[in-house]
Amino acid sequence: MTQTIHRINSVEDAMISYHLTREQIEAATLNSNGNGSYFFTVKSASTPGVVYKVIYNPAMKALQCVSFDGGPVCKASEEGYNCWHKRASMARSVLIQLERRQQRESEIAQALAERTPEEIEEQAHIEALIAQGTDRETATRVVYAKPKRISEKAIKRDQERFAPREFRLLK
Ligand SMILES: [Zn+2]
């Protein structure tokens, strides 16, 4: 039975979706051309030491498995069939994107956890305004433009701090 997973959230999902073993996925490595473009290298399972190169061909809008560094072309590609090297590269790129997304999400969670009570209050106020129909930009401007409430204690402290010295001595 063929199982299809639309949203890949783990290596196991990728194995099912792309019909690969864990070893096949691990055989694929992302490489940079140094000019913003990337390719995958995939270790041959049948011939130790042999590596194939998987590139994206924008004209064909497809992946191509080609020779790496003057090495051989994989048998399937040579005969015009699809090979698992391309599927492994595809799975690998999806997993790399997943990793980056999880990294971003954990950074956001970290930032949220580190908020001060004042920031939490401000952000709750922004969300409340948005829920009432205000757009985010306006809600943010309104909340942050609000003059900060100055506590009695802070006023007293400043009065004391900036009071002439003799006043303080008289106290
Ligand atoms: Zn191949």
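## Strand pairing in the sheet

Asparagine 31 has phenylalanine 39 of β2 standing opposite it. This contact belongs to a predicted model, and the pairing of β1 with β2 is antiparallel, with 5 bridges. Further along these strands, alanine 28 has valine 42 in β2 as its bridge partner. The hairpin formed by β1 and β2 has 5 residues between its strands, and glycine 34 in that hairpin adopts a positive phi near 85°.

β2 also pairs with β3, again in the antiparallel sense, over 4 bridges. Two residue pairs illustrate this second pairing: valine 42 stands opposite tyrosine 52 in β3, and phenylalanine 40 stands opposite valine 54 in β3. Valine 42 therefore has a partner on each side, being the bridge partner of alanine 28 in β2 and standing opposite tyrosine 52 of β3.## The sheet and the overall fold

The four strands form an open sheet in the order β1-β2-β3-β4, with antiparallel pairing. Its edges are β1 and β4, each of which pairs on one side only. From one strand to the next, the twist averages 30°.

The protein as a whole contains 8 helices and 4 strands. Read from the N terminus, its elements follow the order α-α-β-β-β-β-α-α-α-α-α-α. Of its 171 residues, 15% are buried. Among contacts between residues at least 6 apart in sequence, 32% join residues at least 24 apart.

## Helix α4

Helix α4 covers residues 84-113, a run of 30 residues. At 1.5 Å a residue, this helix should span 44 Å, and the distance of 43 Å between its end C-alpha atoms agrees with that expectation.

Which residues of α4 are buried? They are Trp84, His85, Lys86, Arg87, Ala88, Ser89, Met90, Ala91 and Arg92. These buried residues pack against two helices, α1 (11-17) and α2 (22-26), and against the strands β1 (28-32), β2 (38-43), β3 (51-57) and β4 (62-67).

## The nonpolar core

In soluble globular proteins, nonpolar side chains tend to be buried together. The largest nonpolar core of this model has 18 residues, of which Leu20, Val42, Ala88 and Ala91 touch the most other members. At least two residues of this core come from each of β2, β3, β4 and α4. The greatest contribution is that of α4, with 4 residues.

Which residues does alanine 88 touch, leaving aside those up to four places away in sequence? Its contacts are Leu20, Gln24, Ile25, Ala27, Ala28 and Val42. Two of these recur elsewhere in this report: Ala28 and Val42 are bridge partners, and Leu20 and Val42 are listed with Ala88 among the core residues that touch the most other members.

## Positive phi angles in two loops

Two residues other than glycine merit attention for their backbone angles. Histidine 19, in the loop between α1 and α2, has a positive phi near 55°. Is histidine 19 buried or exposed? It is exposed, because 12 other C-beta atoms lie within 10 Å, and the limit for an exposed residue is 12 or fewer.

Lysine 61 is placed in the loop between β3 and β4. Although lysine 61 is not a glycine, its phi is positive, at about 50°. Lysine 61 counts as exposed because it has 7 C-beta neighbours inside 10 Å.

## Glutamate 122 in helix α5

Glutamate 122 lies in helix α5, which comprises residues 117-131. It has 16 C-beta neighbours inside 10 Å and so counts as partly exposed. The C-alpha atom of glutamate 122 is separated by 6.5 Å from that of valine 143, although the two residues are 21 residues apart along the chain.

How values were computed: Residues numbered from 1 in each chain as written. Predicted model: local features only at pLDDT ≥ 70, side-chain atom pairs only at ≥ 80, totals over all residues. Expected span 1.5 Å × (residues − 1). Buried ≥ 20, exposed ≤ 12 C-beta atoms within 10 Å, placed from the backbone. Contact = placed C-beta atoms within 7 Å. Pairing = 2+ DSSP bridges. Axes fitted to C-alpha atoms, helices over the stretch in contact; angles between N-to-C directions. Core = buried A, V, L, I, M, F, W, Y, C linked by C-beta atoms within 7 Å.
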